[in-house]
Amino acid sequence: MNSSWILKFGNEVLDLVYPPGLYCISCGKITDDSRTYRLCNDCMQGMNWITDRRCAKCGRPLSQNDPGEMCFRCSVREASESPQSFDKGHACAGYGAVEQAVIFALKYGSRPDIGDTLGEVLYDRMASEYGAGGLARMYDIVMPVPTHREKKAKRGYNHADLMAKGFSKRAGLRYDPDAIIRLRATVPMKGLGPEERMANIHGAFDIRARKLPLIEGSRILLIDDIFTTGATIDEISRILKDAGASRVDFLAFAAAGDMVN
Ligand SMILES: [Zn+2]
Ligand SMILES: [Zn+2]
């Protein structure tokens, strides 16, 4: 009997006692299913939706005092000899307390149902900017950032996979959950310098050989829960471009502000 089966069975029993639809996806307070994104009033008001200035390259929120078009990280990298491999990034919200609680509940709180709700948030974000029809024409395939298989086995799911599935079914886009493989777990990036980050992530991902024809010439949208240093997204974009992808964008639920480790 493996642990993911126990987790799944345990969740089914819990769902009967505490139907997940009734609980705010951030604070866990009882609410009702009619709420937008299943957030209670307080959490909805506490969301840091990105409606204002954002980085033209990675989409993270820019402060009012920041005069540039791009965040500090992107302006340094784009002017360097090794510009970032992705084309453009999008995010729904800044990374504050409410967003953090939603991500924690999805990743560590045995709440896979939150993945589909975040898929809806991601879809609304993109459809509001490009229109539903425009969005459907922008990409050939949607892919989640993969989790290491040991973590996936422990949780019973890959959270980014559930988000990507929820997003692509609403967008009418093709989705592929296993073209990218995570070869090894990486240590958290927080506190690492730029070179240590690169060493930490380099070679951590690969592409499944049988998926190479799918990637060649394709416009790909990567999905993840949070965008912080950008090292993971950049490394995956690099291997996808090396495999012949014509465009790689990403879409995250939350993005940390500028100059955050
Ligand atoms: Zn709440
Ligand atoms: Zn940026």
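1. The site of the zinc ion (ligand 1) is tetrahedral, with angles of 103 to 115 degrees among its four donor atoms. The model is a predicted one. Coordination of the zinc ion (ligand 1) comes from the SG atoms of Cys24, Cys27, Cys40 and Cys43, at 2.3 Å. Along the sequence, these donor residues follow the spacing C-x2-C-x12-C-x2-C.

2. Two of the donors of the zinc ion (ligand 1) can be described by their accessibility. Cysteine 40 has a relative accessibility of 7%, and cysteine 43 has a relative accessible area of 8%. Buried means under 20% relative accessible area, so cysteine 40 counts as buried, and cysteine 43 is buried as well.

3. The zinc ion (ligand 2) has as its protein donors the SG atoms of Cys55, Cys58, Cys71 and Cys74, which lie 2.3 Å from the ion. The angles among the four donor atoms run from 102 to 115 degrees, and the site is tetrahedral. The spacing of the donors of the zinc ion (ligand 2) along the chain is C-x2-C-x12-C-x2-C. Cysteine 58 and cysteine 71 are both located in the loop between α2 (41-46) and α3 (72-79), so the pair ties together parts that are 13 residues apart in sequence. Cysteine 58 and cysteine 71 are both buried.

4. The next point is the nonpolar interior. The largest nonpolar core has 36 residues, and those that touch the most other members are Leu39, Leu118, Leu122, Phe167, Ile223 and Phe253. At least two residues of this core come from each of β1 (88-94), α4, α5 (113-130), α8 (159-171), β5 (219-227) and β6 (247-255). The element that gives the most to this core is α5, with seven residues.

5. The last point is the surface. Which residues form a nonpolar patch there? They are Tyr95, Phe104 and Tyr108, and together they have about 320 Å² of accessible area. Tyrosine 108 is placed in helix α4 (residues 97-108). Is tyrosine 108 buried or exposed? Its relative accessible area is 53%. Exposed means over 50%, so tyrosine 108 is exposed. Helix α4, where tyrosine 108 is found, also supplies at least two residues of the largest nonpolar core.

Technical notes:
Residues numbered from 1 in each chain as written. Chains lettered and ligands numbered in written order. Predicted model: local features only at pLDDT ≥ 70, side-chain atom pairs only at ≥ 80, totals over all residues. Heavy atoms only, no water. Donors = N, O, S within 2.8 Å, 3.2 Å for Na, K, Ca; no water. Tetrahedral: all angles 85-135°; square planar, octahedral: opposite > 155°, others 65-115°. Helix = DSSP H or I, 4+ residues; strand = E, 2+ residues; numbered from the N terminus. Buried < 20%, exposed > 50% of the residue type's maximum accessible area, 1.4 Å probe, protein only. Patch = residues over 30% accessible without salt bridge, like charges linked within 9 Å, V, L, I, M, F, W, Y side chains within 5 Å. Areas by Shrake-Rupley, 256 points an atom, 1.4 Å probe, with all protein chains shown as cover. Salt bridge = Lys/Arg side-chain N within 4 Å of Asp/Glu carboxyl O. Core = buried A, V, L, I, M, F, W, Y, C linked by side-chain atoms within 4.5 Å.
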